[in-house]
Amino acid sequence: AWLTFAVSTWGMVWGIANTSIMALFADSLPTSHRTIYFTRRKILISLGNATGPVVALIQFYFLGDNWTVRDCAVVFAWGQAVAVPGLVLLWFLSDDQTLVARLNEERSNEQAVEPLLSVQDDNLDRVAEQQPPPNNSNNSLCLNLSNQRLIPVLVASADMMAGLSAGTAICYFPIFFSDNLGIGPVVVQLLYFASPMGIVFFTLLAEKLAKIKGTMHSRIEISIIFKWIGVTLMYLMVFCYEKNMSRTVICVVYVMRTAIINATGALTKSVLMDNVPSNERGKWSALESVNQFSWSGSAAVGGFMVQYLGVSFNFCTAATLQLIATLPLVYLCTSSRFREPEAETDQVADEEDEESP
């Protein structure tokens, strides 16, 4: 009961904090730089996720390398203690210092001095940051939404569907390693260290590939390809397990699958934030918290499948659902009705760089 209360409380704190942080982060960046800094943020998070398993590995090593309640509680306590400084930093964050707030203040000052002054600075995305994206005359048939409004809906839907599908399997990887493969805590922590480091590598690779064209479609295309590769590797991991292949092979496939399928979060979130007005970014960021909260429900479904249908069936179902979750992105990528404002922004930025001495 106490563990349930503690985990639920921590989830509430993280959900509230993550929503605000994501909105502040997006408001502090011009559109042309958002992909780069979202990628850096993803890398830092992955490095942090890699540090935790290293600390846990050292603790489990000295505690005896056994899955006991006491040893796990010690590791949990150290993890919560390390999180306290990060929570303290939240007191020093303010939306008054964001790019949008500074542009609002600057615009108000300019209008007070010269009411007819025209403020045009595309590189800082003044107009896009202050007002909702313009409605296209060519309305989409889907939900009768404008094309510009439909983009974040499709991206957020894909992310939520992917989160629900991931929730059915993620919670059961440690059980799979310990019960089905007979792997101890130290080796499991090594896997949890290698996976975030792989995410760092493939996140950088995804950003480099998306920058070849520098358009919204290129970011979506790379996201789809990486997710499909991750789904294929999930099927391959189940196949290797069912064929009684080496545990080393199964673990390598797991690390590759985890790294690749989780390497596109920065790309999809940059597309999402590029296509919503600044005053709505908090609402869209809240979907990330809803996404994480929904894991509890899908994890319960996953537990049912593991108990009555087996872990292999659970993993295959999760992979199939993750494949289905890419369909909104496929529609967004293949439909010709969606324009690509990033290309215009990048072109303006390039022209200004050429003109600068």
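At what angle do helix α8 and helix α10 pack, and how far apart are their axes? I would like to start there, keeping in mind throughout that what we are looking at is a predicted model. Helix α8, which covers residues 185-210, and helix α10, which covers residues 247-261, pack at an angle of about 40°, and their axes are 8 Å apart. That angle makes α8 oblique to α10, and the crossing of the two helices is right-handed.

If you look at the residues that form this contact, α8 contributes L191, Y192, A194, S195, G198, I199 and F202, while α10 contributes C251, Y254, V255, M256, T258, A259 and I260. Sorted by class, the contact of α8 with α10 holds 11 nonpolar residues and three polar ones, with no charged residues.

Helix α8 also packs with α9, here at an angle of about 140° and with the axes 9 Å apart. Since angles over 145 degrees would count as roughly antiparallel and those from 65 to 115 as roughly perpendicular, α8 and α9 are therefore described as oblique to each other. The crossing in which α8 passes α9 is right-handed. On the α8 side the residues are F202, L205, A206, L209 and A210, and they meet S218, R219, I222 and F226 in α9. By class, this contact of α8 with α9 has seven nonpolar residues, one polar and one charged. You may notice that F202 is listed in the contact with α10 and is listed again in the contact with α9.

Let me stay with α9, residues 216-242, for a moment, as Y241 lies in that helix. Leaving aside neighbours within four places in sequence, Y241 is in contact with F176, N180, L181, I250, V311 and S312. For S312, which is 71 residues away along the chain, the C-alpha to C-alpha separation from Y241 is 8.3 Å.

Moving on into the loop between α9 and α10, we come to N244, and here I would draw your attention to the backbone. N244 has a positive phi of about 55°, although it is not a glycine. As a reminder, most residues other than glycine have a negative phi. Is N244 buried or exposed? With a relative accessible area of 69%, N244 is exposed.

T268, by contrast, sits in helix α11, residues 265-274, and is buried, its relative accessible area being 2%. Which residues does T268 touch, once those up to four places away in sequence are set aside? They are V155, D159 and S223.

A further buried position is A23, found in helix α1, residues 2-27, and it counts as buried because its relative accessibility is 11%, which is under the 20% cut-off. A23 and M273 are 250 residues apart in sequence, yet their C-alpha atoms are 8.7 Å apart in space.

To close, let me step back to the whole chain, which has 15 helices and zero strands. Of its 357 residues, 43% are buried. Among contacts with a separation of 6 or more, 79% are between residues 24 or more positions apart, and the pair of Y241 and S312, in contact and 71 residues apart along the chain, is one example that we have already met. Finally, the chain exposes about 19000 Å², of which carbon and sulfur atoms supply 66%.

Conventions:
Residues are numbered from 1 along each chain as its sequence is written. This is a predicted model: local features need pLDDT of at least 70, side-chain atom pairs count only at pLDDT 80 or more; totals for chains, interfaces and linings use all residues. Side-chain values use heavy atoms; hydrogens and water are left out. Axes are lines fitted to C-alpha atoms, for helices over the stretch in contact, and angles run from 0 to 180 degrees between N-to-C directions. Helices (H or I, at least four residues) and strands (E, at least two) are DSSP runs, numbered from the N terminus. Angles under 35 degrees count as roughly parallel, over 145 as roughly antiparallel, 65 to 115 as roughly perpendicular and the rest as oblique. A crossing is left-handed if the near helix is turned anticlockwise from the far one by less than a right angle, and right-handed if clockwise. Contact means heavy atoms within 4.5 Å. Ala, Val, Leu, Ile, Met, Phe, Trp, Tyr, Cys and Pro count as nonpolar, Asp, Glu, Lys and Arg as charged, and the others, Gly among them, as polar. Buried means under 20% relative accessible area, exposed over 50%, partly exposed in between (1.4 Å probe, protein chains only). Accessible areas come from the Shrake-Rupley method with a 1.4 Å probe; for residues, only the protein chains shown count as cover.
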